[in-house]
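Colleague: Please take a close look at the question of cavities in this model, and explain what lines them. Then set that part against the rest of the chain, in terms a first-year student can follow.

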Amino acid sequence: MQGNPTKDREIYGFMAYSAAIEGYQSLLLLWPVLIDRLAFQSGKTRSGEQCQVQMDCLVDVNGTSVASGWLIYGAFTVASFGQLIVFLISPMGDQGAHRKQFMMLCSYLSCFVGALGLIVHTPSLIWLSLVLYALSLISLGLSRVFYNAYLPILTLNHDDANTISAYSASIGFISGAVQLVAALLLVQYSNLTVFYNLAIAIACSGGIGFLILFLTTRRWMSERQYPLSGSWTQSHMAAFRNWFKLPEVTRFLFFWLVMSISFNFMHQEHLGLHLILAHAFSAFGCGLWTWIQRQVSLTLKQSLIIQSGFYAAIPVYCLFTKHPEIQISLFGFLYGSIISHSRGQFSELLPIGFECLFNGWFESMRVIGIWIGITLGLHMSSFYVSLVSAGIGFAIVFSLKDKQGKKDAHFVTEQFQQ
């Protein structure tokens, strides 16, 4: 049950998941390079010559020439909107002891699909690579919903949500940075082609993630449930009927959506030092901001106000510097802490027993926000995208009534228990 004391090994299992899945997700950022390399092998330029420039290859798809960049964008679009299936699946995790089962199943599926990328070795199978990429992202996103739903449960009888969220996020970013370094070294020093090296790196990351989940998270994390009355449909409808009583949840979801639009920078650098720096500084930012918060006794809302304000100022600073390493490091430093603190703040606003349902919306806002950011980046400068979205996010979180939101969540919880 949710009210049982939280054991240390449950916290360790929660953090082990982050090391497995967040590290694997970092390698999935390299999958577009796989698709591009397949297109590079047989693609033609617009003039009909053999393709020589990355991301400028025209690939024949059912008799239509499509640029490889648009193929990657299309696959990411399908994956983004495909994750909206969480609206149907996520509430099921609030009924009985199912959230761990769903989390593990979706995680295993994502790791397995990632390993299947090794079989796509010819340009004629580029369609299969696109399908596997989309399926891996969808299943990974679903697993994150049930994973995040554990946070408010584990902290009912344990430390504050932000500390656990920050430590797990830091471990995930460190795992991602280490695996990205290993992938880069493999590409640099292996005699195989870049395509095979990256495919091997992603498959190995999926295998490592599977082993960590199977040996640690599966054994250490307990099934947690809340005794909701009624059927899944009745509980689902009850949540929507009480939605108007949770205005701060809605406000925070809008904040998360617009902030996620500015997170598109993590999808612009597919390989190399920039992506590694982003992960390393994200891990550092999670730890440092959490330490500052505890030393100064800041609330999660106050921390998010400061972080989003600095985040909105970074694009302005970038106008005066031409060093991309500094820019990506600054973004990463605040990116990690914003993710960690947002997850902690959101968990405090949720009524008990509806964690999966609302975290389904939380994950959907993140994915759709990133997609909007990438789409806008195709038509305008990323400077304006980051500046405007982060500025709006700052204004929204500044207006958040966090104390009232906690009271509303407690009221809805008591009302539904009656």
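Modeller: What follows starts with the cavities and then moves out to the core, the chain as a whole and a few single residues.

The model is predicted, with local features needing pLDDT of at least 70 and side-chain atom pairs counting only at pLDDT 80 or more, while totals for chains, interfaces and linings use all residues. Residues are numbered from 1 along each chain as its sequence is written, and side-chain values use heavy atoms, leaving out hydrogens and water.

A cavity here is a set of points, on a 1 Å grid over the protein atoms alone, where a 1.4 Å probe fits but cannot get out; lining residues have an atom within 4 Å of a point. Points are joined across faces, edges and corners, and a volume is the space filled by probe spheres set on them. The model has 3 cavities of 30 Å³ or more, and the largest of them holds about 60 Å³.

The lining of this largest cavity consists of Arg144, Asn148, Trp256, Ile339, Arg343, Phe362, Glu363 and Arg366. By type, that is 3 nonpolar, 1 polar and 4 charged residues. Nonpolar covers Ala, Val, Leu, Ile, Met, Phe, Trp, Tyr, Cys and Pro; charged covers Asp, Glu, Lys and Arg; the others, Gly among them, are polar. Helices H6 (126–154), H13 (324–348) and H14 (355–377) each supply at least two lining residues, and H14 gives the most, with 3. Helices (H or I, at least four residues) and strands (E, at least two) are DSSP runs numbered from the N terminus.

H13 also holds Ser337. This serine is buried, at 0% relative accessible area, where buried means under 20%, exposed over 50% and partly exposed in between, with a 1.4 Å probe and protein chains only. Apart from residues up to four places away in sequence, Ser337 touches Gly285, Cys286, Trp289 and Gln307; contact means heavy atoms within 4.5 Å.

Next comes the nonpolar core, a set of buried Ala, Val, Leu, Ile, Met, Phe, Trp, Tyr and Cys residues joined through side-chain atoms within 4.5 Å. The largest one has 110 residues, and Phe263 and Phe358 touch the most other members. H6 gives the most to this core, with 17 residues. Beyond its neighbours within four places in sequence, Phe358 is in contact with Trp243, Leu246, Val249, Phe346, Leu350 and Pro351.

The whole chain has 16 helices and 2 strands, and 57% of its 418 residues count as buried. Its mean pLDDT is 82, and 85% of residues reach 70 or more; pLDDT is the predictor's confidence in each residue, from 0 to 100. Confidence is highest in helix H10 (residues 247–261), at 94, and lowest in helix H9 (residues 232–241), at a mean of 65. Where pLDDT is low, the predicted coordinates should not be read in detail.

Two loop residues give a contrast. Met221, in the loop between helix H8 (194–220) and H9, is buried at 2% relative accessibility. Its C-alpha is 9.6 Å from that of Tyr150, 71 residues away in sequence. Ser297, in the loop between helix H11 (273–296) and helix H12 (300–318), is exposed, with a relative accessible area of 60%. Ser297 has a positive phi of about 60° although it is not a glycine.

Terms used:
1 Å grid on protein atoms, 1.4 Å probe; cavity = no way out; pocket = protein on both sides within 12 Å on 5 of 7 lines; lining within 4 Å.
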